[in-house]
Amino acid sequence: MSDSQPNEAQPNPLRGRKACKECGVINGVRAYVCKDCGTEFKMKKPRKRSHKIPVEDFRTLEEGDLIRVVGGSGPYHTSKDGERTYFIDRGKYTVVKIEKDGIQARGNAGTCYLYMGKSCPSKLLDTITNSPCKLQKVYLPNHLRQKR
Ligand SMILES: [Zn+2]
């Protein structure tokens, strides 16, 4: 990492191409790895992918928003030896309806209720704890967005 950097003011003779830092072989600008030695190139612009932002307040979500449930969150059952089994599968869900203490959301296994209230023992069974789901809002790159 102590190599001197090329002066940025100089005209770039490699416009449209790039030289491998390791071996100096000229590669096409879109190459991900050096064709000669296999060194990975750092891309200036990472390819756009969906990105996720933690949801602080689920009431800010709207119908049709894409969310992701983080694994190991939400209501769970505690077995006699203390092992937790979570009821909500992690993964992507589409918001169907925002309710007082949670969200109706459509996932791979159909519509389910994502509890978002305070953590407390279930009134139904004392081995079940109602615990809020951890959510991330999923932002898709423009070209993957579906307009309704
Ligand atoms: Zn190389």
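**Nonpolar core and sheet architecture of the predicted model**

The largest nonpolar core comprises 15 residues, and those with the most contacts inside it are Ile 67, Leu 114 and Cys 133. A nonpolar core is here a set of buried Ala, Val, Leu, Ile, Met, Phe, Trp, Tyr and Cys residues joined through C-beta atoms within 7 Å. A residue counts as buried if 20 or more other C-beta atoms lie within 10 Å of its own, as exposed if 12 or fewer do, and as partly exposed in between, with C-beta atoms placed from the backbone. The elements that contribute two or more residues to this core are β4 (66–69), β7, β8 and β9. Of these, β4 supplies the largest share, three residues. The structure is a predicted model, in which local features require pLDDT of at least 70 and side-chain atom pairs count only at pLDDT 80 or more, whereas totals for chains, interfaces and linings use all residues. Residues are numbered from 1 along each chain as its sequence is written.

The contacts of Ile 67 were examined further, two residues being in contact if their C-beta atoms, placed from the backbone, lie within 7 Å. With neighbours within four places in sequence left aside, Ile 67 is in contact with Val 55, Leu 61, Tyr 93, Val 95, Ala 105, Leu 135, Gln 136, Lys 137 and Val 138. For the protein chain as a whole, 42% of the contacts between residues at least 6 apart in sequence join residues at least 24 apart. Buried residues account for 15% of the 148 residues in the protein chain.

The protein chain has zero helices and twelve strands. Helices (H or I, at least four residues) and strands (E, at least two) are DSSP runs, numbered from the N terminus. Two strands are taken to pair if DSSP finds at least two bridges between them. On this basis, an open sheet of six strands is found, with antiparallel pairing and the order β3-β12-β4-β7-β8-β9. Strands β3 (51–54) and β9 stand at the edges with a single partner strand each, so one side of each is left without a neighbour in the sheet. Neighbouring strands of this sheet are turned by 40 degrees against each other on average, direction ignored. The underlying axes are lines fitted to C-alpha atoms, for helices over the stretch in contact, and angles run from 0 to 180 degrees between N-to-C directions.

Within the six-stranded sheet, β3 and strand β12 (residues 135–139) pair in the antiparallel sense over four bridges. In this pair, Ile 53 stands opposite Lys 137 in β12. Strand β7 (residues 91–98) and strand β8 (residues 102–107) are likewise antiparallel, with four bridges, and a hairpin of three residues joins them. Val 95 stands opposite Ala 105 in β8; both Val 95 and Ala 105 are also among the contacts of Ile 67. Strand β8 further pairs with strand β9 (residues 110–115) in the antiparallel sense over six bridges, and the hairpin between β8 and β9 passes through two residues. The bridge partners in β9 are Tyr 113 for Gln 104 and Thr 111 for Arg 106.

Gly 110 is located in strand β9. This glycine is exposed, with 6 other C-beta atoms within 10 Å. Gly 110 and Tyr 93 are 17 residues apart in sequence, and their C-alpha atoms are 9.3 Å apart in space.

A further open sheet has four strands in the order β6-β5-β11-β10, with antiparallel pairing. Its edge strands are β6 (84–86) and β10 (120–121), each of which pairs on one side only. Strand β5 (residues 76–78) and strand β11 (residues 128–130) run antiparallel and are joined by two bridges. In β11, Thr 129 is the bridge partner of Tyr 76.

Outside the strands, Lys 35 lies in the loop between β2 (26–28) and β3. Lys 35 is exposed, with 12 other C-beta atoms within 10 Å. When residues up to four places away in sequence are not counted, Lys 35 touches Val 25 and Asn 27. The C-alpha atoms of Lys 35 and Val 25 are 8.0 Å apart in space, the two residues being ten apart in sequence.
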